Every structure is written in structure tokens, then in C-alpha cells.
Amino acid sequence: MPRVLVVDDQADVRAMISIVLRIHHFEVVEAESAAAALKLFEQARFDLAIVDIFLQGVCGSDLITTLRGRAPDLAVVAISGMTSLDFLSDVVCLQKPFRPADLMRAIEAARGSPRQATDTVAAAG
């Protein structure tokens with residue numbers, strides 16, 4: 001069962017993502033902050049990280065860089081309410097709000113092509 005680290009400072013967003021992932025047979029570990037995510041990342045191996053870019057007190061892109069420094073081939077989906085995440089590279093980007101199917105497409109893209117050029121999965125709107 002693939003293990004996913006979900007990092008978002010909004011509990012409702014973490015809960016929605018976790019429900020979708022569990023339905024699709026992923027093991028989910030939630031973190032409400034970058035500090036909590038780093039602690040969890042030290043304790044266990046993850047196949048994928050889903051990281052909110054605008055975390056309280058830290059930039060999610062800095063967290064992604066740190067995670068990738070420890071696990072270079074980690075698949076990553078960056079999520080944000082911004083209209084553009086062009087400043088990110090080597091991650092799949094997903095804009096909030098998104099539907100469960102959008103999330104699963106983003107995960108498939110990230111797991112299928114880790115460390116490739118940025119892919120953006122546009123939320124159906």
C-alpha cells in the first residue's frame with residue numbers, strides 16, 4: 001500500500017484528501033505544519049508527498065526542497081489556491097479547489113514521472 005504524507009495547515013483540506021486517498025487504498029499520514037511533516041518524514045518512508053504551498057509560517061516549496069534533499073526521487077503534488085504555480089519545478093501542481101478525480105490524476109502523474117518537468121493538473125471548474 002503506497003504511503004502518502006499530506007501536508008496542509010487546513011484540517012478540512014487534509015481530511016478531504018485523506019478520505020479520497022484511503023478510498024483508493026493509500027496509507028495516509030497527515031501533518032498540519034512543515035515542522036510536523038519533517039518529523040514524520042524522519043520516522044518513516046513515504047512514496048508520495050502532497051504539500052500545500054502556502055503553509056502557515058513557511059513556504060511549502062521550501063519544505064518540498066528539504067524533503068527532496070532527503071529523498072531525491074520522492075513523488076510530489078503541490079497544491080495551492082493560486083492561479084499559477086509556474087515558479088515550481090519537478091512537481092505536479094494542483095489548484096484548489098479540486099475534485100477527487102483531479103487529485104487522483106495528479107497523483108498518477110507524480111508517481112508515473114517523478115523528477116520530470118512540472119506538470120499542471122487543472123481543476124475542472
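Which residue in β2 is the bridge partner of Arg-3? It is Glu-27. This is a predicted model.

**Strands β1 and β2**

The bridge between Arg-3 and Glu-27 belongs to a parallel pairing. β1 and β2 pair over 5 bridges in that sense. Between the two strands the chain runs through helix α1, residues 11-23. The resulting β-α-β crossover is right-handed.

**Helix α2**

Helix α2 spans residues 34-43. Its buried residues are Ala-34, Ala-36, Ala-37 and Phe-41. They line one face of the helix, because they fall within an arc of 155° when seen down the axis of α2. In an α-helix, residues three or four places apart point the same way, since there are 3.6 residues a turn. The face of α2 turned away from the buried side carries the exposed residues Ala-35, Lys-39, Glu-42 and Gln-43.

Several elements cover the buried residues of α2. Among them are the following.

| Covering element | Residues |
|---|---|
| β1 | residues 3-7 |
| β2 | residues 27-31 |
| β4 | residues 54-55 |
| β5 | residues 58-59 |
| α3 | residues 60-70 |

The paired strands β1 and β2 are thus part of the cover over the buried residues of α2.

**Pro-97**

Where does Pro-97 lie? Its place is in the loop between β7 (92-95) and α4 (100-112). Is Pro-97 buried or exposed? Pro-97 counts as exposed, because its relative accessibility is 71% and the cut-off for exposed is over 50%. Pro-97 and Ile-79 are 18 residues apart in sequence. In space, their C-alpha atoms are 9.2 Å apart.

Notes
Residues numbered from 1 in each chain as written. Predicted model: local features only at pLDDT ≥ 70, side-chain atom pairs only at ≥ 80, totals over all residues. Heavy atoms only, no water. Buried < 20%, exposed > 50% of the residue type's maximum accessible area, 1.4 Å probe, protein only. Helix = DSSP H or I, 4+ residues; strand = E, 2+ residues; numbered from the N terminus. Arc of directions from axis to C-beta. Contact = heavy atoms within 4.5 Å. Pairing = 2+ DSSP bridges. Right-handed = clockwise from strand over helix to strand, strands pointing away.
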